[in-house]
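Here are two short exercises to work through with the model open. Try each task before you read its solution.

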Amino acid sequence: MTDKHVTPLASAHLAKEGDDAALGDTERHGFLPIETNWFDRLFISVVIWVALSLFWFRFIEPIGLSIWISNAIALALGAFIIRKG
Amino acid sequence: MRSNKLGWILLAPTLLILFFFGVLPFVYVVFVSFHQWNPFAASPEMIFNGADNFRRIVFDSAFLNSLGVTVAFVLFAVISEVIIGYMLAQAFMREFPGKAFFRTIHTLPLIMAPIIVGSVWKLMTTPSIGIIPHYLDKWFGISMNIGTSAPAAFFTIVVMDIWHWTPLVTLTLIAALVSLPRDPFEQAQIDGANKRQIFWHITLPMIAPALIATVFIRLMDALRTVDEVWMLTGGGPGSSTRFLGVHIFKEVFPKTNYGYGSTISVIVLYLTIVVCWLLYVSMLAPRNNRKG
């Protein structure tokens, strides 16, 4: 296909290599078993935060440990996943 | 830069609609889930109660029972639909007399509204007038009453869902199978691969994206089934078919407990997203990684 056949809409998809990187959308392989971009890692962190909170409400909080401990753990874990995941 | 601008302009209407009809209601439901709110009570204002609704939900036996029943329903229904749908799709790939007619009538359930499906199945399963209990009794001596038997009610809903939604699976898998190239299959046959090997090593990996998309759609639909179940059993007998959708409906409308109902909705959405994401990662990510 020559350039003159590329429609404006199609040309929007034909981004040069490095455009994704400029948008901060690069995928990388950290300690997580899959390649992830920053949004994937944020998503994983939120999923873990919610799961940990529900687990904490059900099993840990009745013992007497505050939910804020769970939030602190989830926050630290989230930061670790986003930076190193 | 110019193409980016054009792209954003073209996307703007969609993004606006998504924002107002998708993002905003979602944010509002999350907001309400942190409140105690009964708009029809003597004091109809929202009262912020922190995470108390979430604290309550993990001990709520009615919710946990609904969750268990829904998971069982989803497993039975979706797995059956995928297996039967694939077998029907393979059957439709071959030529046989009356294929066009059969393919047409097999898609008819798809165009029926769920509420109609529920009422039709209610008529068919009502003990005194229904055709199903009549013939089960006449041919096999089985007495079926979905009003009193929990397993009968549960499996009737499973069968109804399979009947209603298997054509969708069949259609998407037919589309996937038709688009497959013939070369790998011919080469595999020349190399002496048997049917099972061809299925596991060629067909299944090649239709995996379509299969996963179909499973996602069915999973999400099955997790929020309400209308068919509401028409057929109303969640009974007892709470044996009180699926999450029905549970939310009963919590929000008859009890007008909007805050707690929103909390259940948020948790159901969370579970749906997590299940779909895990499925996606476990089945599609290894393929993408291999390509990379």
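**Exercise 1. Work out how chain A and chain B meet: how many residues does each give to the contact, and which elements of chain A take part?**

Start by counting residues in this predicted model: chain A brings 19 to the contact and chain B brings 16.

Next, take the area. About 1,500 Å² is buried between the two chains, and carbon and sulfur atoms give 76% of that.

Now look for polar links. Four residue pairs, both at pLDDT 80 or more, are in polar contact between chain A and chain B. The rule also finds one salt bridge across the interface: Glu61(A) pairs with Arg55(B), with the closest N and O atoms 2.7 Å apart.

Then go to the elements. On the side of chain A that touches chain B, helix H1 (8-13) and helix H3 (38-60) are the ones giving two or more residues. H3(A) gives the most, with eight residues.

Finally, sort that side of chain A by residue type: 14 are nonpolar, two polar and three charged.

**Exercise 2. Find Glu228(B): is it buried or exposed, and which side chain of opposite charge is nearest?**

First, place it: Glu228(B) sits in helix H10 of chain B, residues 227-232.

Second, check its surroundings. Leaving out residues up to four places away in sequence, Glu228(B) touches Pro114(B), Val117(B), Gly118(B), Met160(B), Asp161(B), His164(B) and Trp165(B).

Third, look for a charge partner. Glu228(B) is buried, yet has no salt bridge. The nearest side chain of opposite charge is Arg218(B), at 6.6 Å, and the salt-bridge cut-off is 4 Å.

Key
Residues are numbered from 1 along each chain as its sequence is written. Chains are lettered from A and ligands numbered from 1 in the order in which they are written. This is a predicted model: local features need pLDDT of at least 70, side-chain atom pairs count only at pLDDT 80 or more; totals for chains, interfaces and linings use all residues. Side-chain values use heavy atoms; hydrogens and water are left out. Contact means heavy atoms within 4.5 Å. Buried area is the accessible area (1.4 Å probe) that two parts lose on being put together, summed over both. A polar contact is a pair of N or O atoms within 3.5 Å; within protein, one must be able to donate a hydrogen and the other to accept it, and residues adjacent in sequence count only if both atoms are side-chain atoms. Helices (H or I, at least four residues) and strands (E, at least two) are DSSP runs, numbered from the N terminus. Ala, Val, Leu, Ile, Met, Phe, Trp, Tyr, Cys and Pro count as nonpolar, Asp, Glu, Lys and Arg as charged, and the others, Gly among them, as polar. Buried means under 20% relative accessible area, exposed over 50%, partly exposed in between (1.4 Å probe, protein chains only). Lys and Arg count as positive and Asp and Glu as negative; His and the chain ends are not counted.
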